[in-house]
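Grab a pencil and work through these short exercises with the predicted model open beside you. Each one has a task and then a worked solution.

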Amino acid sequence: MFSITTTVAKSYRLLASTATALIIGSALLSTASAADIATSYNNSCAACHDSGALNAIKKGDSAKWQQLIKQKGMPALIKSVKSGMIQMPAGGLCTDCSDDDYRKLIEYMSK
């Protein structure tokens with residue numbers, strides 16, 4: 001009986017420490033991902049979206065971003081970024097962004 005209790009206790013501690021490690025690792029990845037999006041923004045989007053150059057909606061102008069997201073929808077916005085627009089080159093100067101990166105960048109600029 002003692003060995004079963006000891007084994008269960010050890011298994012529980014191992015499971016609890018594994019869960020804790022996963023939670024901490026997930027939080028660190030979220031922070032790294034946010035830092036990557038900020039870096040991507042600074043390297044590709046900031047040139048126009050910081051100043052509003054070429055009629056770009058400024059980063060942080062939540063009302064305009066939310067209106068655009070509501071009007072076009074996120075999939076259409078991502079498609080517009082990928083294909084480019086009159087005033088914006090295809091990909092918005094991000095040569096290695098995925099659709100998920102574009103979505104995160106749009107969300108980042110809208111806050």
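**Exercise 1.** Find the residues with the most contacts inside the largest nonpolar core, and the elements that build this core.

*Solution.* Start with the core itself: it has 19 residues, and those with the most contacts inside it are Tyr41, Trp65, Tyr102, Leu105 and Ile106. Next, look for elements that give two or more residues to this core: they are helix H1 (2-49), helix H2 (62-72), H3 and helix H4 (99-109). Now zoom in on Tyr102. Leaving out residues up to four places away in sequence, Tyr102 touches Ile78, Val81, Lys82, Gly91, Cys94 and Cys97.

**Exercise 2.** Work out how the buried residues of H4 are arranged around its axis.

*Solution.* First list them: Tyr102, Leu105, Ile106 and Met109 are the buried residues of H4. Then look down the axis of H4: its buried residues fall within an arc of 100 degrees, so they line one face of the helix.

**Exercise 3.** Track down the salt bridges that involve H4 residues Asp99, Asp100 and Arg103.

*Solution.* Take Asp99 to begin with: it pairs with Lys82, the closest N and O atoms being 3.0 Å apart. This pair links distant parts of the chain, with Lys82 in helix H3 and Asp99 in helix H4, 17 residues apart. Move on to Asp100, which meets Lys104 at 3.2 Å, N to O. Both lie in helix H4, four residues apart. Arg103 and Glu107 meet at 2.9 Å, and they too sit in H4, about one turn of the helix apart. Finally, join things up: Asp100, Arg103, Lys104 and Glu107 are linked in a network of salt bridges.

Methods:
Residues are numbered from 1 along each chain as its sequence is written. This is a predicted model: local features need pLDDT of at least 70, side-chain atom pairs count only at pLDDT 80 or more; totals for chains, interfaces and linings use all residues. Side-chain values use heavy atoms; hydrogens and water are left out. A nonpolar core is a set of buried Ala, Val, Leu, Ile, Met, Phe, Trp, Tyr and Cys residues joined through side-chain atoms within 4.5 Å. Buried means under 20% relative accessible area, exposed over 50%, partly exposed in between (1.4 Å probe, protein chains only). Contact means heavy atoms within 4.5 Å. The arc is that of the directions from the helix axis to the C-beta atoms. A salt bridge is a side-chain nitrogen of Lys or Arg within 4 Å of a carboxyl oxygen of Asp or Glu.
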